[in-house]
Amino acid sequence: MRAAAPTTLLGCCALALAALATPACRRQRLAPSGGAPAVVLAAPGPDEERGVPFVAENEPNNERASATLIASGGIGVARGIRGSLPPTGGARDLDIYKLTGAAAVPAPVVPADGGEGARHEATVRLLVDLRVSPGLATTLVLEDEAGRALATATAAPGERNGLPNIEVIATRAYFLRVAGDGHKTDAGAAQFDYRLVTRWLRLEGGDEREPNGAAASATELPSLEREPEAAGYFGWSRDEDWFWIPISGVGDDVSVSVSLQGADGVVASLAVHDGAGKRIATTRGRRRIELGRVRVPASPATITTSVHPGAAGAGFFVVVRADSGRNLDRRYVVHVSRAVSAPAQDAGVAKDLR
């Protein structure tokens with residue numbers, strides 16, 4: 001029999017759900033200049049913790065074949081699971097959940113020519129939020145149907161864990177592993193309780209799309225001429241996000257300016273890499289940091305990636321990294337624009353505006 005969840009845990013659960021975005025939440029839209037897609041930041045409403053259905057996990061569920069099913073109820077609909085992990089005594093226990101999002105599938109994308117070509121598989125944003133009782137350290141691993149790990153996040157004992165913005169194909173199944181490492185306290189804990197919430201959301205213009213931790217999986221933004229802007233999460237310590245910015249209609253090298261509005265509790269770094277992945281300039285700080293007048297070669301990219309297959313066009317990468325800390329509630333915003341050309345010795349001027 002599972003013990004009732006502690007009052008403190010239930011309070012944490014309410015706070016967790018209050019931080020999740022729903023269709024009823026207030027929305028602030030950042031409208032960048034140049035016609036680039038607007039970045040949408042969601043501000044949680046006051047009563048979002050209400051009405052989320054919680055059900056108990058189905059044990060045993062430590063194998064894929066017996067995984068507890070969490071089926072999406074549609075875009076923005078939260079699903080809650082009450083689970084528990086026993087004290088480990090040095091070994092790690094495991095709960096596995098099968099996530100399906102067929103109900104969250106947006107309208108299918110029809111080929112522009114109206115032909116009979118294959119329709120694109122719709123992608124959505126998967127949000128996972130995990131709250132635990134004191135003493136339990138956790139690791140979350142999201143895998144695809146083939147067993148390939150898409151994202152991994154760890155948390156210290158009692159710390160909140162989560163995956164805030166993983167891009168997934170809504171018609172496919174995914175598996176979420178919740179691993180715990182907890183030990184009996186002096187009071188003799190019989191188990192460690194947790195609350196798991198999943199939500200499927202639409203991907204907005206300018207959203208970061210995880211996994212994007214390397215050049216080959218970079219999130220593509222509009223061209224430099226449109227002054228692109230993007231928002232993402234520092235989902236875990238050392239989280240690194242790559243963005244690809246095309247340069248169109250430019251024959252010579254260009255100078256760019258990049259700014260990062262960070263998130264509380266995170267020391268971040270900001271860098272610019274050329275189309276070959278070589279770092280040109282970098283800086284580090286909190287809150288708001290800038291790289292000004294960075295000269296970027298307008299030569300064709302030499303890295304073949306999913307966002308620019310064949311590397312036919314010119315462009316460069318912007319890399320945002322959480323050097324320490326994490327923030328699952330507040331997104332960072334990165335803005336890229338063309339700068340007035342500067343002498344070579346001024347290229348890569350860095351500012352840390354604290």
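These legends go with a set of close-up views of a predicted model.

**View 1. The whole chain, mostly strands by count: one helix and 22 strands.**
Let's start with the overall picture before zooming in. The protein has 354 residues, and buried ones make up 51% of them. About 15900 Å² of surface is exposed, with carbon and sulfur atoms supplying 51% of that area. How much of the contact list joins residues at least 24 apart, counting contacts between residues at least 6 apart in sequence? The share is 77%.

**View 2. An open sheet of five strands, in the order E3-E5-E12-E7-E10.**
The pairing in this sheet is mixed. Which strands sit at the edges? Those are strand E3 (54–56) and strand E10 (161–169), each of which pairs on one side only. Going from one strand to the next, the twist averages 25°.

**View 3. Strands E7 and E12, running antiparallel inside that sheet.**
Here the view moves in on E7 (residues 123–132) and E12 (residues 192–201). How many bridges join the two strands? There are eight of them. For a handy spot to look at, take leucine 130: its bridge partner in E12 is leucine 196.

**View 4. A cluster of rings made by Trp242, Trp244 and Phe317.**
The structure holds three aromatic pairs, and two of them are shown here, beginning with tryptophan 242 and phenylalanine 317. Their ring centres are 5.4 Å apart, and with 75° between the planes the pair is edge-to-face. Tryptophan 242 belongs to strand E15 (residues 240–247) and phenylalanine 317 to strand E20 (residues 314–324), so this pair links parts of the chain that are 75 residues apart. Is tryptophan 242 buried or exposed? At 9% relative accessibility, tryptophan 242 counts as buried. Phenylalanine 317 is buried too, at 0%.

**View 5. The second ring pair of the cluster, tryptophan 244 with phenylalanine 317.**
This pair is tilted, at 4.9 Å centre to centre and 55° between the planes. Why does the pair tie together parts that are 73 residues apart in sequence? Because tryptophan 244 lies in strand E15 while phenylalanine 317 lies in strand E20. Tryptophan 244 is buried, with a relative accessible area of 2%. Phenylalanine 317 takes part in both pairs, so with 0% relative accessibility the shared ring counts as buried.

**View 6. Glutamate 143 and arginine 177, one of twelve salt bridges.**
The side chains meet at 3.1 Å, N to O. Where do the two residues lie? Glutamate 143 is in strand E8 (residues 136–143) and arginine 177 in strand E11 (residues 173–182), with their positions 34 residues apart in the chain. Glutamate 143 counts as buried because its relative accessibility is 11%. Arginine 177, at 25%, counts as partly exposed.

**View 7. Arginine 148 with aspartate 144, a salt bridge between an exposed and a buried residue.**
What separates the closest N and O atoms in this salt bridge? They are 3.2 Å apart. Arginine 148 is the exposed partner, at 53% relative accessibility. Aspartate 144 is the buried one, with a relative accessible area of 13%.

**View 8. Aspartate 329 and arginine 160, a salt bridge across 169 residues of sequence.**
The closest N and O atoms are 3.0 Å apart. Aspartate 329 is in strand E21 (residues 327–339), whereas arginine 160 is in the loop between strand E9 (149–155) and E10. How exposed is aspartate 329? With 40% relative accessibility, aspartate 329 counts as partly exposed. Arginine 160 is buried, having a relative accessible area of 16%. Widen the view and the picture grows: salt bridges that share partners join Asp129, Arg131, Arg160 and Asp329 into one network.

Notes:
Residues numbered from 1 in each chain as written. Predicted model: local features only at pLDDT ≥ 70, side-chain atom pairs only at ≥ 80, totals over all residues. Heavy atoms only, no water. Phe/Tyr/Trp six-rings, centres within 6.5 Å; stacked < 30°, edge-to-face > 60°. Helix = DSSP H or I, 4+ residues; strand = E, 2+ residues; numbered from the N terminus. Buried < 20%, exposed > 50% of the residue type's maximum accessible area, 1.4 Å probe, protein only. Contact = heavy atoms within 4.5 Å. Areas by Shrake-Rupley, 256 points an atom, 1.4 Å probe, with all protein chains shown as cover. Pairing = 2+ DSSP bridges. Axes fitted to C-alpha atoms, helices over the stretch in contact; angles between N-to-C directions. Salt bridge = Lys/Arg side-chain N within 4 Å of Asp/Glu carboxyl O.
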